[in-house]
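Work through the exercises below with the sequence and the 3D view at hand. Each task is followed by a solution in steps.

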Amino acid sequence: QVQLVESGGGLVQAGGSLRLSCAASGRSFSSYGMGWFRQAPGKEREFVAAIRWSGTPYYADSVKGRFTISRDNTKNTAYLQMNSLKPEDTAVYYCAVRLQGLNFYSIYNVPSKYDYWGQGTQVTVSS
């Protein structure tokens, strides 16, 4: 079992920044693929960013250049630094873990390929 706890969400004005954290427990963290997804009201869950166990990042086009994903394996924590936030970034943000590292490069943006999910943290960007 893996437990994930997100934190760092909140209310911010457009153009501002937030840093989300995802703390993992239950297993060795260093071999996991990690992902961040978001879901706005009335919309499907969408991919935001992911990071391989090796540190290779992947981003959705909508956040590329504004968001940065990272991980600290010594703290079992992944981060999502969000800069230049826009009202359309408003959503509940979820982190997720995929235990199988093989072929992560081909499935990192598919929610159903992740094994465990956190409870989510709300991000609201006001205009």
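Arg 38 is buried, its relative accessible area being 5%. The model is a predicted one, and the exercises start from this arginine.

**Exercise 1. Salt bridges around Arg 38**

Task: Find which side chains form a salt bridge with Arg 38, and state whether each partner is buried or partly exposed.

Solution.
Step 1. Side chains of opposite charge can pair when their charged atoms come close.
Step 2. One partner is Glu 46, whose closest N and O atoms with Arg 38 are 2.5 Å apart. Glu 46 has a relative accessible area of 36%, so it counts as partly exposed.
Step 3. Another partner is Asp 89, which meets Arg 38 at 2.9 Å, N to O. Asp 89 sits in the loop between β8 and β9 (91–98), and Arg 38 belongs to strand β4 (residues 33–39), so this salt bridge ties together parts 51 residues apart in sequence.
Step 4. With a relative accessible area of 0%, Asp 89 is buried.

**Exercise 2. Extending the network**

Task: Name the arginine in the loop between β6 and β7 that pairs with Asp 89, and list the members of the network of salt bridges.

Solution.
Step 1. The side chains of Asp 89 and Arg 66 form a salt bridge with an N to O distance of 2.7 Å.
Step 2. Arg 66 lies in the loop between β6 (57–59) and β7, while Asp 89 lies in the loop between β8 and β9; the pair therefore ties together parts 23 residues apart in sequence.
Step 3. Arg 66 has a relative accessible area of 11%, which is under the 20% cut-off, so Arg 66 is buried.
Step 4. The network links Arg 38, Glu 46, Arg 66 and Asp 89. The structure holds 4 salt bridges.

**Exercise 3. The disulfide**

Task: Which cysteines does the disulfide join, and how many residues apart are they?

Solution.
Step 1. The count is 1 disulfide.
Step 2. The disulfide joins Cys 22 to Cys 95, with an S to S distance of 2.0 Å.
Step 3. Cys 22 is in strand β3 (residues 18–25) and Cys 95 in strand β9; the pair links distant parts of the chain, 73 residues apart.
Step 4. The angle about the S-S bond is 60°, and the link is right-handed.
Step 5. Both Cys 22 and Cys 95 are buried.

**Exercise 4. Strand β7 and its hairpin**

Task: Sort the residues of β7 by face, then describe how β7 pairs with β8.

Solution.
Step 1. β7 covers residues 67–72. Phe 67, Ile 69 and Arg 71 make up the covered face, whereas Thr 68, Ser 70 and Asp 72 make up the uncovered one.
Step 2. Strand β8 (residues 77–82) pairs with β7 in the antiparallel sense, over 6 bridges. Arg 71 stands opposite Ala 78 in β8.
Step 3. The hairpin has 4 residues between the strands, and Asn 76 takes a positive phi near 55° there.

**Exercise 5. The surroundings of Thr 68**

Task: Is Thr 68 partly exposed or buried, and which residues does Thr 68 touch beyond four places away in sequence?

Solution.
Step 1. Thr 68 is found in strand β7, on the uncovered face.
Step 2. Thr 68 has 41% relative accessibility and so counts as partly exposed.
Step 3. Leaving out residues up to four places away in sequence, Thr 68 touches Tyr 59, Tyr 79, Leu 80 and Gln 81.
Step 4. Ala 50 is 18 residues from Thr 68 in sequence, with a C-alpha to C-alpha distance of 9.6 Å.

Terms used:
Residues numbered from 1 in each chain as written. Predicted model: local features only at pLDDT ≥ 70, side-chain atom pairs only at ≥ 80, totals over all residues. Heavy atoms only, no water. Buried < 20%, exposed > 50% of the residue type's maximum accessible area, 1.4 Å probe, protein only. Helix = DSSP H or I, 4+ residues; strand = E, 2+ residues; numbered from the N terminus. Pairing = 2+ DSSP bridges. Contact = heavy atoms within 4.5 Å. Disulfide = S-S within 2.5 Å.
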